[in-house]
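User: I'd like to get better at reading a model like this one. Could you walk me through some features, one at a time?

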Amino acid sequence: MIIEVADRGTIPAVQKVLQGTHEVRKLIFPERFFVACSGDERTIDQSALKKIDGVLNIIDTNQHPYYFASRVFKEKDTIVRVGDVEIGGRRVAMIAGPCAVENLDDTLETAIGLAQTGVKILRGGAFKPRTTPYNFQGLGLAGLKILAEVRRRTGLSVVTEVINPEDVEIAAEYVDMMQVGMFNMTNTPLLKRLGEVGKPVILKRNAYSTLANLLKAAEFIIYNGNPHVILCERGVKTQETATRFTLDVSAVPVLKRLSHLPVIIDPSHAAGHRDLVPILSKCSVVAGADALLIESHVAPERMIKPGDADQALHPTEIQALMKDLQPIAEAVGRTVL
Ligand code: PEP
Ligand code: MN
């Protein structure tokens, strides 16, 4: 249950009614104040709550399980700021970089190439979730240090994936934004920690998840104190084997109808092959994506994992793609450059 109140002064009276049998927390947004609780709702004395001066609204979370992520809570689009980049504004942001941070030289060379194209945010995994224990699992802390060094030398902001809740705090010291990969969309201890730490988060949809469950995962992060959440579609599992996953382009308009949060697309993991990335990127911009998350590497042949190499675009290919995207973006009232 969520209770909206008129001001901070009303919060203690509401907390008093709820205390004891419920986990109670305050959520403060610009000029809006809430008390949210979890527990056995049958024991809540709703008439006592309604009698409190300053209680504006009692929200049934069975009806609105992702209330704070929804348009019911906030009609206006949210813009998430990362460095000097706005995600959710008129400009479609480009986020690009290697799947995994493998060494300083390749990461730096890729980042320099991308910075020259106008990309402002570098992606790169230091902690890699893998389907087998035999694949390269990432450099961990050494990878975070490489990202921070590349950021210092190029001026790019950086985003990296986190897997374990205990890595969130340390990663936050080195990067500007964190990513939840598809395997961890429902890792609630991780979502909770990301909520508490407060840095912008890219939350990827699990390939087997509904959009409603993606929004419930986003709610965990917001409920724990962090409203800077970006939703990411990265392909869903279907019977099709010609592509790695099937890009659900309709996720963008559907999520935008349901939610005020920015929605971005990762065409690289959906396609699994670089040839398809440009056309899927174009479709994504037309569908209304607020950013593209694309894998890029200066020398895919040097990458450790062949699957990662297959889907990586060279920075010059990203540059060509951005040029091709510009008239398409303009046709839908956006810009890329
Ligand atoms: C990635 O971004 O490199 C990644 C592993 O993505 P996903 O979680 O979407 O598979
Ligand atoms: Mn990858």
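**Reading the model, feature by feature**

Analyst: Let's start with exposure. Glu-31 is exposed, since its relative accessible area is 75% and the cut-off for exposed is over 50%. Keep in mind that this is a predicted model.

User: Where does Glu-31 sit?

Analyst: Glu-31 belongs to the loop between strand S2 (22-29) and strand S3 (32-39).

User: What should I look for in the backbone there?

Analyst: Check the sign of phi. Most residues other than glycine have a negative phi. Glu-31 is not a glycine, yet its phi is positive, about 60°.

User: On to metals. Which residues coordinate the manganese ion (ligand 2)?

Analyst: With a metal, list the donor atoms, then see where they fall along the chain. Here the manganese ion (ligand 2) is held by Cys-99 through SG, His-269 through NE2 and Glu-295 through OE, at 2.2 to 2.3 Å. Along the chain these donors have the spacing C-x169-H-x25-E. Cys-99 sits in the loop between strand S7 (93-97) and helix H3 (104-117), while His-269 is in helix H9 (residues 267-271), so this pair ties together parts 170 residues apart in sequence.

User: Are Cys-99 and His-269 buried or exposed?

Analyst: Cys-99 and His-269 are both buried.

User: And what surrounds ligand 1?

Analyst: For a ligand, read the shell, then the polar contacts, then the buried area. The shell of ligand 1 includes the metal donors Cys-99, His-269 and Glu-295, along with Arg-123, Lys-128, Glu-161, Gln-179, Gly-181, Met-182, Lys-204 and Arg-234. By type, the shell around ligand 1 has 6 charged, 3 polar and 2 nonpolar residues.

User: Which atoms lie at 2.7 Å and 2.8 Å from an oxygen of ligand 1?

Analyst: At 2.7 Å from a ligand 1 oxygen there is a polar backbone atom of Met-182. An N or O atom in the Lys-204 side chain is 2.8 Å from an oxygen of ligand 1, and one in the side chain of Glu-295 is 3.2 Å from an oxygen of ligand 1. As for area, ligand 1 taken alone exposes 300 Å², and the protein buries 94% of that.

User: How many aromatic pairs are there in the whole structure?

Analyst: A search of the whole structure gives 9. For each pair, look at the distance between ring centres and the angle between planes. Tyr-67 and Phe-68 have ring centres 5.3 Å apart and planes at 70°, so this pair is edge-to-face. Phe-68 and Phe-73 are also edge-to-face because their planes are at 80°, with centres 5.1 Å apart.

User: Do these pairs belong to something I should view as one unit?

Analyst: Ring pairs join Phe-29, Phe-34, Tyr-67, Phe-68 and Phe-73 into a cluster. Of its members, Tyr-67 is buried, Phe-68 is buried at a relative accessible area of 1%, and Phe-73 is buried at 8%.

User: One more polar contact, please. What does the side chain of His-297 reach?

Analyst: For a side-chain contact, find the partner atom, then check the setting. The His-297 side chain reaches the backbone nitrogen of Ala-299 at 2.9 Å. His-297 lies in the loop between strand S14 (291-295) and helix H11 (306-310). With 2% relative accessibility, His-297 counts as buried.

Methods
Residues are numbered from 1 along each chain as its sequence is written. Chains are lettered from A and ligands numbered from 1 in the order in which they are written. Side-chain values use heavy atoms; hydrogens and water are left out. Donors are N, O and S atoms within 2.8 Å of the metal (3.2 Å for Na, K and Ca); water is not among the atoms, so sites may look incomplete. Helices (H or I, at least four residues) and strands (E, at least two) are DSSP runs, numbered from the N terminus. Buried means under 20% relative accessible area, exposed over 50%, partly exposed in between (1.4 Å probe, protein chains only). A residue is near a molecule or strand if one of its heavy atoms lies within 4 Å of it. A polar contact is a pair of N or O atoms within 3.5 Å; within protein, one must be able to donate a hydrogen and the other to accept it, and residues adjacent in sequence count only if both atoms are side-chain atoms. Accessible areas come from the Shrake-Rupley method with a 1.4 Å probe; for residues, only the protein chains shown count as cover. Ala, Val, Leu, Ile, Met, Phe, Trp, Tyr, Cys and Pro count as nonpolar, Asp, Glu, Lys and Arg as charged, and the others, Gly among them, as polar. Rings of Phe, Tyr and Trp (its six-membered ring) pair if their centres lie within 6.5 Å; planes under 30 degrees apart count as stacked, over 60 as edge-to-face and the rest as tilted.
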